[in-house]
Number of protein chains: 2
Amino acid sequence: MDLRSQAILRAVIEEYVTSAQPVGSQALVERYGLGVSSATVRNILAELESAGLLTHPHTSAGRMPTDAGYRFYVETIVDAAPLSAVEQLMIRHQFGQVEFASEHWFRLAATTLAGLTRSAGLATPAKPSAAHIRRVDLVAVNERMASLILVLREGAIKQATVPLDEDDAIDQATLNRVAGLLNEHLVDATATTAGSTLSKLDEGEPIQRTARKVGERIIRILDDYDAAAVEEVFSDGLLNVMEAPEFAQSDKLRQVFTALENRAYLGELVGSVAGSSRVRVLIGAENPREEMHHVSLVLAPYGRPGRALGVVGVLGPTRMSYRHAIGTVRFVSGLMNELVDHLYA
Amino acid sequence: MDLRSQAILRAVIEEYVTSAQPVGSQALVERYGLGVSSATVRNILAELESAGLLTHPHTSAGRMPTDAGYRFYVETIVDAAPLSAVEQLMIRHQFGQVEFASEHWFRLAATTLAGLTRSAGLATPAKPSAAHIRRVDLVAVNERMASLILVLREGAIKQATVPLDEDDAIDQATLNRVAGLLNEHLVDATATTAGSTLSKLDEGEPIQRTARKVGERIIRILDDYDAAAVEEVFSDGLLNVMEAPEFAQSDKLRQVFTALENRAYLGELVGSVAGSSRVRVLIGAENPREEMHHVSLVLAPYGRPGRALGVVGVLGPTRMSYRHAIGTVRFVSGLMNELVDHLYA
DNA sequence: CGTTAGCACTCTCACCCATCGAGTGCTAAC
DNA sequence: GTTAGCACTCGATGGGTGAGAGTGCTAACG
């Protein structure tokens, strides 16, 4: 496609993104220094339309981009707009303020994305392919119950109660010895390796027997953690999307919200992105989900392939600033990469 | 007010709650066996209107309740509708499925309320007036940093990193001794009592010196926890509210959502409810917040007065089924009471 | 041959107006 | 006190109209 046509397509898209109104040939000539008359622009607009990149809501209206138009724009016309140094610094600072645990970061990522793009921010926690034990702790609750606290290398903390029999060790001092034993043997273990380690414990010895019982509970927790699909998707700034004029009659948006509540769908989405290592853009009807045909997603994975993977991204109207969104998502996913790396360093 | 008028007010409200349309005298006579003609009903409707309990959108339209009408209905005409035994059992079962920690319960409470009332469910965690230490644990991260894990009796787990100097104890074995010392002295302490206990430690002895340093960090965590306003308000089912026809043009609802994002406002709300021990109903313009004039809140506190207090509730259009909402909120707050009691038993 | 001016044409939007019907409020009779 | 009857009000609906925006086409231009 010739360069002038590209410039005009770009102008149409960028005008439409800000105004949310179909763009006429006149307006283009006036607002963008194209150096040609409106008639010429009209000819080109007609070509772009027959190429499927623009449409017409009706004969006497201006042009607006199609999904294919946005796709072409994203892939060939513009590059992502990187964040300014100031913005980058501010975001890094914010991440420095929260506790050092992946459980907290992903929420902040969603909030940050929402604020920067004035769209909805989405993020999932970095889910490890197999969680590793970092620390085991036992606290006596009463004569029949202990509270188990399990710290994972991934930054998560899990808590559970373990019932104890009469022949188990039940006072805090003994529980401390049990926990000591478990820490000695299970640090850095996963669900799989923990199993074989435990089987070596001596059933005859009381401390070891209790340790084994607790260990089995630990394995159940790890299994649950590993097996859970998308454990949680945090979203923020859905309000921003509500403010877009195309969603004034909230019908379309309600469908989007409903789709977002569907765990299975989110799981698919995350899965589809996790493979690649780049920012993925899903424009309108490119999304297999019918309800999402009026919105676009800009998603990127973060974390360590094969270890822990999460996804961050932005959801907005198809009429969104892809340049800005892609740049922002790229930066945030990069930052999350760094953070997760620290957990494994 | 005479009984027949009450019956008619009740009929208007219950009809309006389901139909969302102004109710005419004819419809009332047909659908509710009132035993009088529509003309008589009209006379009474006019009285109810001059009493301020009903309005008119315009001359030739039916009647709809005012906020005062709903208020009268809630206070004198109907009682709360208790949940069926089956529903109660199902809910109890669900709460049995999640981990035993107040941090999880309040989310489930919001989700449950949303589902049962088909409105938005709100819940805050039970915030203790002063958090109590239940367990301290230290894990070596590297030569310069330890990870501090603090378990509170209230069910919360806090994590922080503690920087260590050269002259501190830094290997895991030593950290275990430090943690042991802290557990020995600080279990059941609050921020206040922990301070005086720590000051008794001997600065000359290395283990005790490190313990003191960690202890100071612990106090900071406790202070933050105690001082935090409403730490979190979890809401679920905002979509249910979006589906109400009065919010078809999403403008009003957007204001509500914006108000809900305001922490300070939520703090006020929670504070206002925490005092009483009953279900509190805030109907439309009774709410001091202008943005909330088109919605109603049904709130109830839970927890132990003077110890840990949280709030659960429902947000819906003023045109909501108060009977059902009040019954449901009452049950859920009662259930949460039981659960929190277990933490202190 | 690409570019441009001119112009007829199309379609939406906003506005007006008449009609319709639901529901009221009043009056007079029961 | 209750009811039938009736005039009246006011929103909703639908058709008609004019203005305006923007197109597509044609013919002239460099």
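**Close-up 1. The buried side of helix H7 of chain B in a predicted model.**
Let's start inside the protein. In this predicted model, the buried residues of H7(B) are Leu175(B), Val178(B), Ala179(B), Leu181(B), Leu182(B) and Leu186(B). They sit on the same side of H7(B), because they cover an arc of only 160° around the axis. It helps to remember that an α-helix has 3.6 residues a turn, so residues three or four places apart point the same way. What lies over these buried residues? The cover includes strand E5 (133-142), strand E6 (145-152), helix H8 (191-199) and helix H9 (206-227) of chain B.

**Close-up 2. The other face and the length of H7(B).**
Now look at the face turned away from the buried side of H7(B): here you will find the exposed residues Ala173(B) and Glu184(B). You can also check the length of this helix for yourself. H7(B) runs over residues 172-186, which makes 15 residues, and at 1.5 Å a residue they should span 21 Å. The C-alpha atoms at its ends are 20 Å apart, which agrees. After H7(B) comes Asp188(B), which has a positive phi, near 75°.

**Close-up 3. The protein surface near DNA strand D.**
Which residues come closest to DNA strand D? They are Gly24(A), Ser60(A), Val36(B), Thr40(B) and Ser60(B), out of 20 residues that surround the strand. Three elements give two or more residues each to this surface: helix H2 (25-31) and helix H3 (38-50) of chain A, and helix H3 (38-50) of chain B. H3(A) supplies the largest share, with 4 residues. Sorted by class, the surface near DNA strand D has 11 polar, 7 nonpolar and 2 charged residues.

**Close-up 4. Chains A and B as two copies.**
Try to picture one chain being turned onto the other. A turn of 179° with a shift of 0.0 Å along the axis lays chain B on chain A, with an RMSD of 0.2 Å. That is the relation of a two-fold axis. Both copies use the same surface, since 100% of the contact residues of chain B recur in chain A.

**Close-up 5. Where chain B touches chain A.**
How many residues does each chain bring to the contact? Chain B gives 22 residues and chain A gives 23 residues. On the side of chain B, the elements that give two or more residues are E5, E6, strand E7 (157-163), helix H10 (238-242) and helix H11 (251-261). This side of chain B has 11 nonpolar, 5 polar and 6 charged residues. You have met E5 and E6 before: they also help to cover the buried residues of H7(B).

Notes:
Residues are numbered from 1 along each chain as its sequence is written. Chains are lettered from A and ligands numbered from 1 in the order in which they are written. This is a predicted model: local features need pLDDT of at least 70, side-chain atom pairs count only at pLDDT 80 or more; totals for chains, interfaces and linings use all residues. The expected span of a helix is 1.5 Å times one less than its number of residues. A residue is buried if 20 or more other C-beta atoms lie within 10 Å of its own, exposed if 12 or fewer, and partly exposed in between; C-beta atoms are placed from the backbone. The arc is that of the directions from the helix axis to the C-beta atoms. Two residues are in contact if their C-beta atoms, placed from the backbone, lie within 7 Å. A residue is near a molecule or strand if its C-beta atom, placed from the backbone, lies within 6 Å of it. Ala, Val, Leu, Ile, Met, Phe, Trp, Tyr, Cys and Pro count as nonpolar, Asp, Glu, Lys and Arg as charged, and the others, Gly among them, as polar. Copies are superposed by least squares on the C-alpha atoms of residues with pLDDT of at least 70 in both.
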